[in-house]
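Visitor: I am new to this structure. Please show me how to read it, one feature after another.

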Amino acid sequence: MQQLTYYKWMLFGVVSVGTFMSTMTSSIVNVALPPITLALHTDIPTAQWVVTGYLLTITSLLPLVGRLGDVLGRRRMYGYGFIGFTLGSLLCGLADSIGMLIGFRIIQAISAALLMANGMAIVTANFPANERGRVLGAVGTIVALGGLSGPGLGGLLVEMFGWHAIFYVNIPIGLLGYAGVRLILPADRNLQQEKIDYLGAALFTAGMVSFLLPLSYGTKWGWLSWSTLGCLGIAGVMFMLFIWQEKSIDYPMLELSIFNNWEFSAGNLAGMLSFMAMFTNTLLLPYFLHDVLAFAPSKTGLIMSAFPVVMAVVAPLSGSLSDKIGTGLMATIGLIILALGLVWTAKLPLDAALGIIMASQATMGLGNGLFQSPNNNSVMSAVQPNQLGVASGVNALARNFGMVSGTAMAVSILEYRRSASLNGLSQPTPGQQIAAFMDGYMVALLVGAGLAVVGALISFHRSGTKR
């Protein structure tokens, strides 16, 4: 089968199924969060762990599962990813409490990490060098399609069948993907005989969890409480031990020397800030549309689709344009536009027309589309060919860490401002509750805009601005 000219594109099709499923699941859940919050009798800080727990698990495991693919086999790991994701989706659909749902989302996340870390490596290993740019661009299109279909499909499924349906839809996709792994992907050969840095992975995960817990619950615990300060202290110790571990062993989970390259580090830092900025909107906008404007889930999904639609159109064009006017300049312009879109969204009045709300999301999609392709090009071009695998893993790590941090930060700001607004009101009226929500919502998005501006400044001062 490997002799057939179309075999590599069949292989790409299998990888695309996993890429589409994992990215669609990331976006489809946001539309269902308000109904899930009501149905499972919980609150926003707890419900957001349906998103945060998923992203945190992926972020923590990406370096480890990438190494597992090198040592144990990428085909094997990719197959395990499909099996685990399908099982996790079934269990999520059957969950009848918020704790069960979050736990089953962790199963989904472990499996998604297996798919994300190994899919790109499978494609890269099976396409010739002169076709890799083309196929990696196609992978980017699949990512955009996954993000595009999630909100719209999620809104329809929630409205027609209830929130459980957003998880059941993954089951046939997962089974199809696993069949493709068994029938199409080549057998694993020439596996690396290396040790796996399980200790480094454990230290990294402990540090991430300890850092993000107080970010999410600092308002409830108190920012100067022993719980908050203790978690941050533990995070600091874990990260220092992780760095010591990675520097002292022959086969580190994460090669730290790559961060000596400023262009590479600046691109990843700007990318992390962009996702932190975006996810203030991604998490809180559904609550604004559902709880404040009383929009149906299908309408919410339509509005949220404006972002990925524009991004999917702009991103391929911005990559080509950046070759002419510079990667850093294009990335800077993109982040400035993203910041303007966040400010516009934060200032939307309660009687804003549907078209105006969608235009604010389209503006953010334009900014993100202008930023992502040039920034990724800058990051991957900043390293040597033998560092591309490490660079790809760090890029994914920065992206997912930005998602997790942005989600946690948005909830913390919302709850802090809302509590301050309702302080002293024993029985606030619906109007007062809406006003308190809007206060926190606006501040969270404005902070996100500020992060995008910081990212723009970093992008402008990178060494690849004119390249």
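Guide: Start with residue classes. Ala, Val, Leu, Ile, Met, Phe, Trp, Tyr, Cys and Pro count as nonpolar, Asp, Glu, Lys and Arg as charged, and the others, Gly among them, as polar. Keep in mind that this is a predicted model.

Visitor: How many residues of each class line the second largest pocket?

Guide: The lining of the second largest pocket has 14 nonpolar residues and 3 polar ones, with no charged residues. The pocket holds about 440 Å³ of space. Its lining has 17 residues, and F204, L254, F259, M272 and L397 are the closest to the centre.

Visitor: Which helices each supply at least two residues of that lining?

Guide: Four names to find in the view. They are helix 9 (198-221), helix 10 (226-248), helix 11 (262-292) and helix 15 (388-422).

Visitor: What is the secondary structure of the whole chain?

Guide: The protein chain has 16 helices and 0 strands. Of its 467 residues, 55% count as buried. Now take contacts between residues at least 6 apart in sequence: 84% of them join residues at least 24 apart.

Visitor: How do I read the packing of two helices? At what angle do helix 13 and helix 16 pack?

Guide: Compare the N-to-C directions of the two axes. Helix 13 (residues 327-346) and helix 16 (residues 430-460) pack at about 170 degrees, and their axes lie 8 Å apart. Angles over 145 degrees count as roughly antiparallel, so helix 13 and helix 16 are roughly antiparallel to each other.

Visitor: Which residues make the contact?

Guide: On helix 13, they include G328, A331, L335, L338, L342 and A346. On helix 16, Y441, L445, G448, A452, G455 and F460 are among them. By class, this contact has 17 nonpolar and 6 polar residues, and no charged residues.

Visitor: How is empty space found inside a model?

Guide: Rolling a probe the size of a water molecule over the atoms shows where empty space is left. In this model, the count is 1 cavity of 30 Å³ or more. The largest cavity has a volume of about 30 Å³.

Visitor: Which residues line the largest cavity?

Guide: Look for S26, V51, Y54, L55, R105 and F279. By class, that lining has 4 nonpolar, 1 polar and 1 charged residues.

Visitor: Which helix gives the most to that lining?

Guide: Helix 3 (residues 49-72) does, with 3 residues.

Technical notes: Residues numbered from 1 in each chain as written. Predicted model: local features only at pLDDT ≥ 70, side-chain atom pairs only at ≥ 80, totals over all residues. Heavy atoms only, no water. 1 Å grid on protein atoms, 1.4 Å probe; cavity = no way out; pocket = protein on both sides within 12 Å on 5 of 7 lines; lining within 4 Å. Points joined across faces, edges and corners; volume = space filled by probe spheres on them. Helix = DSSP H or I, 4+ residues; strand = E, 2+ residues; numbered from the N terminus. Axes fitted to C-alpha atoms, helices over the stretch in contact; angles between N-to-C directions. Parallel < 35°, antiparallel > 145°, perpendicular 65-115°, else oblique. Contact = heavy atoms within 4.5 Å. Buried < 20%, exposed > 50% of the residue type's maximum accessible area, 1.4 Å probe, protein only.
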